[in-house]
Amino acid sequence: MINTQMQQTLTQVIKVVERAGILLAEECVRPGGRRGYGDKAEIDVEIEVFLREELLRILPCDWWGEETGHVLSGNSFCWVVDPNDGTSDFLKGLDGSAISVGLLHSNHPILGVVHAPVTPGGRPDCISWAQGMDHLIRNRLPVYVDLSKQELRHGSLVMVSAAAGNKPQTNRELCAPAGFYSMPSIAYRLAKVAAGDGVCGLSLYPVSAHDVVAGHALLIGAKGVLVDESGDPIQYRTEVEMLRVCQQCFGGAPSVCVELARRDWAKVFDPRAS
């Protein structure tokens, strides 16, 4: 019953998220420039207020948002939302930030929509999945991906942060034998991996539930995993875990995530690295 319900819910959520994407895309070309500074953008609050009203109308339940706080009443369902994952890079003018909407049921991701309305390729990209589906949906088309047996090899890609472009040699060594692709949003990194564009997406900085729940759901749909710096599965059991799910995360093909989590990523933060 819940699987059928979630697939019907997904259709509604995609429409809402794409409407929110229009707001984010308009902000990108705003005559006065993108509003905000540091890691705070005015459009983030505006989008989350819109999403909160619309999503709670679709399914009234608990709420965890980056901008409008959270309500954890013990409901088995909880929306987990980041209205603009990658705000800092967004305010620097980079494309590829993403709206991330996930749904937990009994602390387990069962639905995810990650939508990047403005991408370096010039086209919006919306990737989604709900429990019970044997495929993801990417821009209204089915996508079948099985990450479970994929390995780290020449020709595969690891999705890393936009800052990786400043230290290409170090990131190249840490991702070898795969290549690396730098981009702003961890939510979109995980989504692209789930959709078949790479074998692992990672964050070397602490992340909260709103950063990764939607991407985690997509990975589940592609038979992938999301693990922390120790290689342990990410959990969302308590408010503390929701606030900081891990110090570093690795999402994608199981064997690749475990292998990359073992590598010495502290090298990236060495000022002598190049």
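Trainee: At a relative accessibility of 1%, does D82 count as buried or exposed?

Mentor: This is a predicted model, so local features need pLDDT of at least 70 and side-chain atom pairs count only at pLDDT 80 or more, whereas totals for chains, interfaces and linings use all residues. Residues are numbered from 1 along each chain as its sequence is written, and side-chain values use heavy atoms, with hydrogens and water left out. Buried means under 20% relative accessible area, exposed over 50%, and partly exposed in between, for a 1.4 Å probe and protein chains only. Because its relative accessibility is 1%, D82 counts as buried.

Trainee: Which backbone nitrogen does the side chain of D82 reach?

Mentor: D82 lies in strand β5, residues 77–85, where strands (E, at least two residues) and helices (H or I, at least four) are DSSP runs numbered from the N terminus. Leaving aside neighbours within four places in sequence, D82 is in contact (heavy atoms within 4.5 Å) with E66, A98, I99, S100, H210 and D211. At 3.1 Å, the backbone nitrogen that its side chain reaches is that of N84.

Trainee: Where does UniProt place the feature "binding site", and what is the largest C-alpha distance among those residues?

Mentor: The unreviewed UniProt entry places this feature at E66, D82, D85 and D211; the positions follow the numbering used here, feature names are shortened, and annotations may be inferred rather than shown by experiment. These residues are spread over 146 residues of sequence, yet they cluster in space, with a largest C-alpha distance of 9.4 Å.

Trainee: Which of these residues does the lining of the largest pocket include?

Mentor: On a 1 Å grid over the protein atoms alone, a pocket is an open set of points where a 1.4 Å probe fits, with protein on both sides within 12 Å along at least five of seven lines, and lining residues have an atom within 4 Å of a point. By that criterion, the lining of the largest pocket includes E66, D82, D85 and D211.

Trainee: What distance separates the side chain of D211 from the backbone nitrogen of S208?

Mentor: D211 lies in helix α6, residues 209–221, and counts as buried because its relative accessibility is 12%. Apart from neighbours within four places in sequence, D211 is in contact with D82, D85, S100, I186 and A187. The side chain of D211 reaches the backbone nitrogen of S208 at 2.7 Å.

Trainee: Which helix gives the largest share of the largest nonpolar core?

Mentor: A nonpolar core is a set of buried Ala, Val, Leu, Ile, Met, Phe, Trp, Tyr and Cys residues joined through side-chain atoms within 4.5 Å. The largest one has 90 residues, and those with the most contacts inside it are L51, W79, V158 and Y236. Its largest share, nine residues spanning positions within 2–28, comes from helix α1.

Trainee: How many aromatic pairs does a search of the whole structure find, and why is the pair of Y205 and F269 classed as it is?

Mentor: The search finds two aromatic pairs, where rings of Phe, Tyr and Trp (its six-membered ring) pair if their centres lie within 6.5 Å, and planes under 30 degrees apart count as stacked, over 60 as edge-to-face and the rest as tilted. The rings of Y205 and F269 have centres 5.5 Å apart and planes at 85°, so this pair is edge-to-face.

Trainee: What is the angle between the planes in the pair of F250 and W265?

Mentor: At relative accessibilities of 0% for F250 and 2% for W265, these residues count as buried. Their pair is tilted, with 6.3 Å centre to centre and an angle between the planes of 50°.

Terms used. Polar contact = N/O pair within 3.5 Å; in protein donor to acceptor, adjacent residues only side chain to side chain.
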